[in-house]
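The following report concerns the predicted model shown below. It proceeds from a helix residue to the sheet and then to backbone geometry.

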Amino acid sequence: MTATLHEFADAAALAAGLADEVAARLGSAIQQRGSASIAVSGGSTPKRFFETLSSRDIDWSKVTVTLVDERFVPPDSDRSNHLLVATHLLKDKAAQAAFIPLYYDAPTIEDAAVIATEKTAGIGNPFDVAILGMGGDGHTASFFPHGNNLARALDLSGPRGILTMQAEGAGEERLTFSFASLADARFLVVHIEGQGKKDVLEQAKAGSDETDMPIRAVLNRAASPVEIYWAP
Ligand SMILES: O=C(O)[C@H](O)[C@@H](O)[C@H](O)[C@H](O)COP(=O)(O)O
C-alpha cells in the first residue's frame, strides 16, 4: 500500500496538524454516519496530540475512543494506556466521549481478551481513525518482534478483536487489536517523532521480515493508505 509522509517542523506543529486532521475525520464521520470511532496508542509520543485533540470543537458525545493496545495492568497503574488517555485525552471537550477499555479484571489475560473483543465489537468495523505508534524495535500496536502470538495477530484473514501478546521487548503481557481490526481504518496513521524513528522506518522499508520488524505489515499490507505523521 502507499505510505505518505506528512512532515512537521516540531512536536507542537505535529500535534496540531494531526489533531486538525483527526478532528475533521471524526466530524465528517458523525455527519455521514451519526457517530465516530477512534483507536489510539499509548507510549510517550501521543501525549501532546491528545492534549491538543481534547479541545477540538466536535460533538464528542458521538465519539467512541478505544485503545489500539494495552498492558495487562489495572487502570490506576502508571503503565496503563487507559490512564494515559483518561489523563490527556478524555478531558475538556473530549470529556463527553465514550471510552471502551481493553483491560478487564478477569482471571486470565485470555479471558480479558474475550471480554474486550465483546465490548468493542460494535465499533471499528472499520474504525474511522486508528493512530499507531512505533517502537525503536519496529513494533507497532503490541505486534512485537518475535511475539508469542505474532503470526495470528498479523493474519489479515483472522477475525477482528483483541488478542494477547507476550514478547521479550514488551514488559508485561499485552492486549492488542489484531491487524485485521486496524488495517482498514478509514484514516490509518503512524505517529512518530525524532530522526531515530525515521531511520527505523527506513530500515523497515528496506526489508520484508515481519517477525523482525512487525511495522512492515502496516507498511506493506494495510488495506488503507498509511499516513505517516512525523516531526524531528
Ligand atoms: O506503548 C504502547 O502502548 C504501544 O504499545 C506502542 O506501540 C507505542 O506506540 C510505541 O512503543 C511507541 O512508544 P513511544 O511513543 O513511547 O516511543
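L14 lies in helix 1, which spans residues 11-33. In this predicted model, L14 has 24 other C-beta atoms within 10 Å; because the threshold for a buried residue is 20 or more, L14 is classed as buried. Once neighbours within four places in sequence are set aside, the contacts of L14 are F8, E193, Y229 and A231. One of these partners, Y229, is separated from L14 by 215 residues in sequence, yet the C-alpha atoms of L14 and Y229 are 7.1 Å apart in space.

**The sheet**

Strand 10 comprises residues 226-231. It belongs to an open sheet of seven strands, whose order is 1-10-9-6-2-3-5 and whose pairing is parallel. Strand 1 (3-7) and strand 5 form the edges, each pairing on one side only. From one strand to the next, the twist averages 20°. Five bridges connect strand 1 with strand 10 in the parallel sense, and A3 stands opposite V226 of strand 10.

**Backbone geometry in the loops**

Most residues other than glycine have a negative phi, and most peptide bonds are trans. Two residues other than glycine have positive phi values here: D92, near 50°, and A141, near 45°. They are set out below.

| Residue | Phi | Loop | Other C-beta atoms within 10 Å |
|---|---|---|---|
| D92 | near 50° | between helix 3 (81-88) and strand 5 (98-100) | 13 |
| A141 | near 45° | between strand 6 and helix 5 (150-153) | 30 |

How buried or exposed is D92? With 13 other C-beta atoms within 10 Å, D92 is partly exposed, since that class lies between the limits of 12 or fewer for exposed and 20 or more for buried. A141 is buried, because its count is 30.

A cis peptide bond is also present: it joins N125 and P126, with omega about 5°. P126 is located in the loop that runs between helix 4 (109-120) and strand 6 (129-132).

**Confidence of the prediction**

Where pLDDT is low, the predicted coordinates should not be read in detail. For this chain the mean pLDDT is 97, and 100% of the residues reach 70 or more. For the complex, the predictor gives an ipTM of 0.93 and a pTM of 0.98.

How values were computed. Residues are numbered from 1 along each chain as its sequence is written. This is a predicted model: local features need pLDDT of at least 70, side-chain atom pairs count only at pLDDT 80 or more; totals for chains, interfaces and linings use all residues. Helices (H or I, at least four residues) and strands (E, at least two) are DSSP runs, numbered from the N terminus. Two residues are in contact if their C-beta atoms, placed from the backbone, lie within 7 Å. pLDDT is the predictor's confidence in each residue, from 0 to 100. Two strands pair if DSSP finds at least two bridges between them. Axes are lines fitted to C-alpha atoms, for helices over the stretch in contact, and angles run from 0 to 180 degrees between N-to-C directions.
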